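The following exercises are to be worked with the model open in a viewer. Each task is followed by a stepwise solution.

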Amino acid sequence: MSKRVVVVGLGQMGGAMAERLRESGMEVTGFDISEATRERFRAQGMHVADSLHTALADCETVLTSLPNSEIVRSVWLGGEGIVGLARPGTLCVELSTIDPQTMRDLAAAADARGLKVLDCPVSGGPKEAREGTLVLMVGGELAVTEIAGDILQALGASWAYSGPAGTAKVVKLVNNMMSMGNVLIAAEAFAVGVTAGVEPQMLYDILSVSGGRSHHFTKRFPNAIKGDFAPGFKMELGEKDLALAVELGRQIKVPTPAASLIRDLFAIALSEGYRGQDIVALLSMYQKWGEGK
């Protein structure tokens with residue numbers, strides 16, 4: 001049975017998820033504020049609306065995948081936002097990496113309008129989104145997770161329940177604290193190894209089966225060795241997520257000195273020209289430092 005789904009935000013992740021849902025047999029409408037993005041997806045055969053109002057006119061489920069908390073608040077809570085436009089009973093799934101309080105505010109406003117809400121950030125990149133192999137972190141009412149079962153199954157290889165709305169955003173920020181730290185220390189260590197005289201591929205082959213390896217090391221460093229820093233997860237998004245995690249720690253009075261230092265190094269990478277590149281371009285930054293450039 002076809003399910004009418006709207007995906008708001010057709011960036012790397014949102015666009016890949018929209019395509020995945022469409023291939024899963026759902027009736028998908030996309031919307032993005034960028035006209036160029038809308039036209040690109042139309043050219044690929046997707047039904048795309050030119051306004052949020054039009055997109056939400058007759059949908060059962062709306063998913064949002066957006067860059068930051070401010071944009072999510074505007075799209076959900078603005079005068080012509082999802083909470084005001086969606087019909088009562090609509091399932092609303094928020095997939096972005098944002099601060100937990102924003103998610104709690106969205107859930108409260110949506111609940112007051114009779115909307116069903118899931119807090120559902122994801123782990124994985126555009127490739128996993130396109131293949132339906134994301135790991136989903138799901139917060140909200142358990143009964144709503146059952147209603148959303150077909151969406152979750154289409155997008156994810158697995159999903160885990162975290163508690164009320166807002167808790168899944170906490171889990172995502174904690175996950176990304178770990179992930180960004182893993183990539184940074186791997187880049188630093190790899191640069192030391194190569195500069196000290198070990199051939200890069202040989203070093204990777206050994207480290208990839210040794211105790212220091214991580215998921216992101218084995219996933220990203222084969223491309224990095226080739227000088228391929230095409231973005232799966234952009235440097236600026238890593239810096240943004242680290243800033244959110246540090247702020248969360250400040251709010252709950254848990255010091256985050258390591259995450260704060262990692263965030264500073266991501267900010268340095270952005271200042272040195274790595275905006276728009278994958279987070280593994282940290283390796284290039286360290287290599288340039290090693291060469292005295």
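Buried means under 20% relative accessible area, and exposed means over 50%. The model used here is predicted.

**Exercise 1.** Determine which residues of helix α2 (residues 35-43) are buried, and how they are arranged around the axis of α2.

Solution.
- Step 1. Apply the cut-off to the helix: Thr37, Arg38 and Phe41 are the buried residues of α2.
- Step 2. Look down the axis of α2. The buried residues fall within an arc of 100 degrees, so they line one face of the helix.
- Step 3. Turn to the face pointing away from that buried side, where Glu35, Ala36 and Ala43 are exposed.
- Step 4. Find the packing partners. The buried residues of α2 pack against α1 (12-23), β2 (27-31) and β3 (47-48).
- Step 5. Check the backbone just after α2: Gly45 has a positive phi of about 95 degrees there.

**Exercise 2.** Decide how many disulfides the structure holds, and examine Cys59 and Cys92.

Solution.
- Step 1. The criterion for a disulfide is a pair of cysteine sulfur atoms within 2.5 Å.
- Step 2. For Cys59, the closest cysteine sulfur belongs to Cys92 and lies 7.4 Å away, which is too far for a bond.
- Step 3. Approached from the other side, Cys92 is in no disulfide, and its nearest cysteine sulfur is that of Cys59.
- Step 4. The count for the structure is 0 disulfides.
- Step 5. Add the accessibilities: Cys59 is buried at 3%, and Cys92 is buried at 0%.

**Exercise 3.** Establish how strand β8 (residues 134-140) is covered, and which strands pair with β8 in the parallel or antiparallel sense.

Solution.
- Step 1. Of the 7 residues in β8, 6 are buried, so the strand is mostly covered under the 20% cut-off.
- Step 2. Strand β6 (residues 116-119) pairs with β8 in the antiparallel sense over 2 bridges. Within β8, Gly140 stands opposite Leu118.
- Step 3. Strand β7 (residues 122-123) also runs antiparallel to β8, joined by 2 bridges. Ser123 has Val135 of β8 as its bridge partner.
- Step 4. Strand β9 (residues 156-163) runs parallel to β8, with 6 bridges between them. Gly139 stands opposite Gly163 in β9.

**Exercise 4.** Locate Glu131 and classify its exposure.

Solution.
- Step 1. Glu131 lies in helix α7 (residues 126-131).
- Step 2. The relative accessibility of Glu131 is 41%, which makes this residue partly exposed.
- Step 3. For a long-range distance, take Arg213, 82 residues from Glu131 along the chain: their C-alpha atoms are separated by 25 Å.

Definitions and conventions: Residues are numbered from 1 along each chain as its sequence is written. This is a predicted model: local features need pLDDT of at least 70, side-chain atom pairs count only at pLDDT 80 or more; totals for chains, interfaces and linings use all residues. Side-chain values use heavy atoms; hydrogens and water are left out. Buried means under 20% relative accessible area, exposed over 50%, partly exposed in between (1.4 Å probe, protein chains only). Helices (H or I, at least four residues) and strands (E, at least two) are DSSP runs, numbered from the N terminus. The arc is that of the directions from the helix axis to the C-beta atoms. Contact means heavy atoms within 4.5 Å. Two strands pair if DSSP finds at least two bridges between them.
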